[in-house]
Amino acid sequence: TKFAADLGDTESMYNIAIAYKNGDGVEKSAENAEYYMQKFKKNKNFAEWYSATCNKVENFSKKGIDNR
């Protein structure tokens, strides 16, 4: 999952952070755990923002310019 996390997969970022925190399948590392958890939080926030923005654009498109 580290490879997927490094490619930007949000779920993998979380999973590898927990793995580093617990030493599950990787050498335990608080530094790496914190790095991937911060990366996860940043990407999660972006994904939520992007999804909300797409929903707003979709709703705007359905209503049309004159029917805001």
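Good morning. I begin with a single residue, Lys2, which counts as partly exposed because its relative accessibility is 37%, a value that lies between the 20% limit for buried and the 50% limit for exposed. Please keep in mind that the model before you is predicted.

Which residue does the side chain of Lys2 meet in a salt bridge? The partner is Asp6, and the distance from N to O is 3.0 Å. That distance qualifies because the cut-off for a salt bridge is 4 Å. Asp6 has a relative accessibility of 38%, so this residue, too, counts as partly exposed.

Where do these two residues lie? Both belong to helix H1, which covers residues 2–6. Four residues separate Lys2 from Asp6, and that spacing is about one turn of the helix. How many salt bridges does the structure hold? The count is one.

Let us now turn to the protein chain as a whole. Three helices are present, with zero strands. Read from the N terminus, the order of elements is therefore written α-α-α.

Next, the matter of burial and surface. The chain has 68 residues, of which 18% are buried. The exposed area of the protein chain is about 5400 Å². Carbon and sulfur atoms contribute 52% of that area.

Finally, I come to contacts along the sequence. Among contacts in the protein chain with a separation of 6 or more, 30% join residues that are 24 or more positions apart.

To close, I return to the starting point: Lys2 and Asp6, both in helix H1, are joined by a salt bridge between their side chains. Thank you for your attention.

Note on methods:
Residues are numbered from 1 along each chain as its sequence is written. This is a predicted model: local features need pLDDT of at least 70, side-chain atom pairs count only at pLDDT 80 or more; totals for chains, interfaces and linings use all residues. Side-chain values use heavy atoms; hydrogens and water are left out. Buried means under 20% relative accessible area, exposed over 50%, partly exposed in between (1.4 Å probe, protein chains only). Contact means heavy atoms within 4.5 Å. Accessible areas come from the Shrake-Rupley method with a 1.4 Å probe; for residues, only the protein chains shown count as cover.
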